[in-house]
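Here are my comments on the model you sent, set out as numbered points. Please read them with the structure open beside you.

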Amino acid sequence: MSPAMDEAIELRRKCPQFRILVLGRANAGKTTLLKKVCESIEDPAIYGPNNKRAKCARGIHDIELQLIFKSNPGFIFHDSRGFESGSAEEVAKVKDFIDKRAATGTLSHQLHAIWYCLPTDSALGKEP
Ligand SMILES: Nc1nc2c(ncn2[C@@H]2O[C@H](COP(=O)(O)OP(=O)(O)OP(=O)(O)O)[C@@H](O)[C@H]2O)c(=O)[nH]1
Ligand SMILES: [Mg+2]
């Protein structure tokens, strides 16, 4: 086996789940995208930062919560809200979360990707 493949296997052993932060304004299609990627028609299970199942009302987002679809447990998603609302508090919360995750020394706790959802079929994407 090649050294690159050995390294990939070792990384997957240390970190079996891929952690993704999803950003975008309300109604951007974030949840739709996640369900599509995970081939799920069900809503994801929600876990707190302690990895315990969290009771969470539909539509309420907390960036610390971990969303996992039963159909594809290889991904852990964090869903942000209000990133584009202009609220300094919300932007700071997202930035703090990214900084905190970057500072952790544990690969499985770090963010491996950030997806920014931008609707292209709304008035925002069209010429006036
Ligand atoms: N036209 C169009 N509509 C979409 C697309 N993706 C999602 N929608 C619709 O847009 C609405 C919002 O989609 P969601 O996936 O719930 O959006 P969201 O970003 O998760 O919204 P919040 O959780 O409220 O922030 C739903 O009615 C979807 O059916 C798309 O690519 N094109
Ligand atoms: Mg959503």
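1. Because several points turn on how far a side chain is covered, the cut-offs come first: a residue is called buried under 20% relative accessible area, exposed over 50%, and partly exposed in between. The model is a predicted one, and every value in this note is computed from it. Leucine 107 serves as an example, since its relative accessible area of 30% lies between those two limits and it is therefore partly exposed.

2. On the overall fold, the protein chain contains 3 helices and 5 strands, and reading along the sequence gives the order α-β-α-β-β-β-α-β. The chain has 128 residues, of which 31% count as buried. The surface that the protein chain exposes comes to about 8,700 Å², with carbon and sulfur atoms supplying 56% of that area. If one takes the contacts between residues at least 6 apart in sequence, 60% of them join residues at least 24 apart.

3. In soluble globular proteins, nonpolar side chains tend to be buried together. In the present model the largest nonpolar core has 13 residues, and those with the most contacts inside it are Ile20, Val22, Leu34, Cys38, Phe69, Phe75 and Phe77. The elements that give two or more residues to this core are strand E1, residues 18-23, and strand E4, residues 75-79. A second core, separate from this one, has 6 residues, including Leu23, Ile63, Val94 and Leu111.

4. Which residues does phenylalanine 75 contact, once its neighbours within four places in sequence are left aside? They are Phe18, Ile20, Val37, Cys38, Leu67 and Ile68. Of these partners, Val37 deserves a separate look, and the next point takes it up.

5. Valine 37 is found in helix H2, which covers residues 30-37. Is valine 37 buried or partly exposed? With a relative accessibility of 33%, valine 37 falls between the limits of 20% and 50% and so counts as partly exposed. Apart from neighbours within four places in sequence, valine 37 is in contact with Asn72, Phe75 and Trp115. The C-alpha atoms of valine 37 and serine 71 are separated by 10.0 Å, and these two residues are 34 residues apart along the chain.

6. The second largest pocket has a volume of about 200 Å³. Its lining consists of Pro16, Gln17, Arg19, Tyr47, Pro49, Asn51, Gln66, Ile68, Ile76, Arg101, Ser108 and His109, and these residues divide into 5 nonpolar, 5 polar and 2 charged. Ile68, named in the lining, is also one of the contacts of phenylalanine 75.

7. Histidine 109, another residue of that lining, is placed in the loop between helix H3 (88-103) and strand E5 (113-116). Its relative accessibility is 39%, so histidine 109 counts as partly exposed. Leaving aside neighbours within four places in sequence, histidine 109 is in contact with Arg19, Arg101 and Thr104, and both Arg19 and Arg101 appear in the pocket lining as well. The C-alpha atoms of histidine 109 and cysteine 15 are separated by 8.7 Å, with their places 94 residues apart along the chain.

8. Leucine 107 belongs to the loop between H3 and E5. Not counting residues up to four places away in sequence, leucine 107 touches Leu11, Cys15 and His112, and its C-alpha atom is separated by 10.0 Å from that of glutamine 17, which is 90 residues apart along the chain. Leucine 11, one of the residues touched, is found in helix H1, residues 3-14, and is partly exposed with a relative accessible area of 40%. From leucine 11 to serine 108, 97 residues apart along the chain, the C-alpha separation is 9.5 Å.

9. Two backbone values merit a check by eye. Asparagine 27, in the loop between E1 and H2, has a phi near 75 degrees, which is a positive value in a residue other than glycine; at 79% relative accessibility, asparagine 27 counts as exposed. Glutamate 39 lies in the loop between H2 and strand E2 (45-47), and its phi, near 50 degrees, is also positive in a residue other than glycine. Glutamate 39 has a relative accessibility of 75%, over the limit of 50%, and therefore counts as exposed.

Note on methods. Residues numbered from 1 in each chain as written. Chains lettered and ligands numbered in written order. Predicted model: local features only at pLDDT ≥ 70, side-chain atom pairs only at ≥ 80, totals over all residues. Heavy atoms only, no water. Helix = DSSP H or I, 4+ residues; strand = E, 2+ residues; numbered from the N terminus. Buried < 20%, exposed > 50% of the residue type's maximum accessible area, 1.4 Å probe, protein only. Contact = heavy atoms within 4.5 Å. Areas by Shrake-Rupley, 256 points an atom, 1.4 Å probe, with all protein chains shown as cover. 1 Å grid on protein atoms, 1.4 Å probe; cavity = no way out; pocket = protein on both sides within 12 Å on 5 of 7 lines; lining within 4 Å. Points joined across faces, edges and corners; volume = space filled by probe spheres on them. Nonpolar A, V, L, I, M, F, W, Y, C, P; charged D, E, K, R; others polar. Core = buried A, V, L, I, M, F, W, Y, C linked by side-chain atoms within 4.5 Å.
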